[in-house]
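Thanks for coming. I will go through one model, starting with the whole chain and then moving to one strand.

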Protein chains: 2
Amino acid sequence: MSPAPPSRLGCMSPIVRSQISMSLDGFVAGPDQTQEEPLGRNGEALHDWMFQSEHDADVRLRERMQDRTGAYVMGRNMFGPARDSAVAASEWRGWWGEDPPFHAPVYVLTHEPREPVQMEGGTTFHFVTDGLEAALALAREAAGPHLDVQIAGGASVVNQALRAGALDELHVHIVPLLLGGGARLFDGVGTPALEVVETIASPAATHVRYRVAR
Amino acid sequence: MSPAPPSRLGCMSPIVRSQISMSLDGFVAGPDQTQEEPLGRNGEALHDWMFQSEHDADVRLRERMQDRTGAYVMGRNMFGPARDSAVAASEWRGWWGEDPPFHAPVYVLTHEPREPVQMEGGTTFHFVTDGLEAALALAREAAGPHLDVQIAGGASVVNQALRAGALDELHVHIVPLLLGGGARLFDGVGTPALEVVETIASPAATHVRYRVAR
């Protein structure tokens with residue numbers, strides 16, 4: 001566990017943040033999402049900066065992405081495919097293989113109760129059936145006073161958190177890409193005030209970190 | 001007239017570019033546009049970086065904004081208020097006073113023919129009734145081989161140019177602001193490929209210049 005940065009000493013409530021890749025026209029997944037293409041048409045290109053770019057800025061961003069995260073919250077569709085999937089929901093263990101990249105507890109918002117699923121590398125999926133606020137409370141508790149809570153996505157959960165005033169920081173990776181449709185970030189979130197904390201740019205994405213007024 | 005930069009020597013067709021301030025949720029004007037608030041609710045805040053910021057990046061951007069522009073194209077609503085205005089359309093001389101900031105010919109897309117209006121400082125408003133392509137042809141001719149054509153706005157004209165594949169370069173000033181509604185950039189423009197040319201950031205706006213595939 002990393003030590004708390006000076007500004008966090010004495011702060012007993014974890015920061016809730018989210019980071020998400022968005023096309024310049026505002027989508028975090030393309031149109032026509034299917035089980036084969038969960039990010040929709042051309043949506044995979046949203047993450048090229050993460051998997052393909054060797055630009056310094058992108059490498060640096062990737063390296064520090066999980067440094068401060070003590071627990072995650074994610075939506076049901078980010079955890080697994082839709083219910084009419086060939087794989088029974090009760091057997092699905094996430095999209096990420098046996099050693100998922102979270103290495104921390106992950107609280108999955110769902111309507112179907114299920115026992116926690118422990119994976120390799122420190123990731124455990126917990127299933128929360130009573131909504132975002134409940135999941136955030138569990139995640140805050142798990143993260144403790146020195147690490148942050150991260151809302152991993154998808155768009156609808158991030159939007160719900162923004163609408164509820166539950167987000168402290170939003171890191172948007174603005175990708176030079178037009179998707180023309182799909183899942184829209186900021187849909188129905190109202191107009192919370194934003195403040196730029198940091199901007200890091202590469203040809204693959206413009207990474208802007210915003211503080212969100214609560 | 002500035003000399004052509006080396007890369008432009010021998011290039012006989014002006015670059016068509018546009019620059020526009022956009023909220024992080026994708027709007028270039030807020031909701032409820034009226035004659036008193038032509039930029040809609042809170043839309044004026046889109047231009048704070050231009051009129052209020054003293055940050056180096058924003059000052060630099062402002063200074064070079066018009067350097068290379070030989071002619072402008074703009075939509076009817078950017079030139080003047082709607083037709084039910086108290087001011088007769090035939091007397092309206094633009095929103096910018098007697099010495100508008102263009103200092104070049106401006107081709108206004110309209111359905112009402114009108115004689116050109118010559119202003120102080122080199123700006124002349126010409127009224128074009130046969131569409132964007134015709135206006136662009138006139139603007140290209142006026143700009144000559146060494147200066148660019150700029151599509152000044154609003155959103156619908158920029159979107160029309162993107163849809164028609166008529167834009168070479170799009171400079172988006174991404175403002176840390178959620179408007180929650182209004183005139184949306186990239187509405188119905190399809191999915192032309194973009195390439196980041198340059199990013200300049202300040203707390204007031206993230207200025208990203210994109211090359212547009214034609």
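How much area does chain A expose, and what share of it do carbon and sulfur atoms supply? Chain A exposes about 9900 Å², and carbon and sulfur atoms supply 51% of that; areas come from the Shrake-Rupley method with a 1.4 Å probe, and for residues only the protein chains shown count as cover.

A note on the source: this is a predicted model, where local features need pLDDT of at least 70, side-chain atom pairs count only at pLDDT 80 or more, and totals for chains, interfaces and linings use all residues. Residues are numbered from 1 along each chain as its sequence is written, chains are lettered from A and ligands numbered from 1 in the order in which they are written, and side-chain values use heavy atoms, with hydrogens and water left out.

Of the 214 residues of chain A, 51% are buried, meaning under 20% relative accessible area with a 1.4 Å probe, protein chains only. The C-alpha atoms fill a box of roughly 45 × 40 × 35 Å along the principal axes.

Now strand β6, residues 124–128 of chain A; strands are DSSP E runs of at least two residues, numbered from the N terminus. Because 4 of its 5 residues are buried, β6(A) is largely enclosed by the rest of the structure.

What does β6(A) pair with, given that pairing takes at least two DSSP bridges? Strand β4(A), residues 105–109, runs parallel to β6(A) and is joined to it by 5 bridges; here Pro105(A) partners Thr124(A). Strand β5(A), residues 117–118, is antiparallel to β6(A) over 2 bridges, with Val117(A) opposite Phe125(A). β5(A) and β6(A) form a hairpin with 5 residues between them, and Gly121(A) in the turn has a positive phi of about 80 degrees.

Methods
Buried means under 20% relative accessible area, exposed over 50%, partly exposed in between (1.4 Å probe, protein chains only). Two strands pair if DSSP finds at least two bridges between them.
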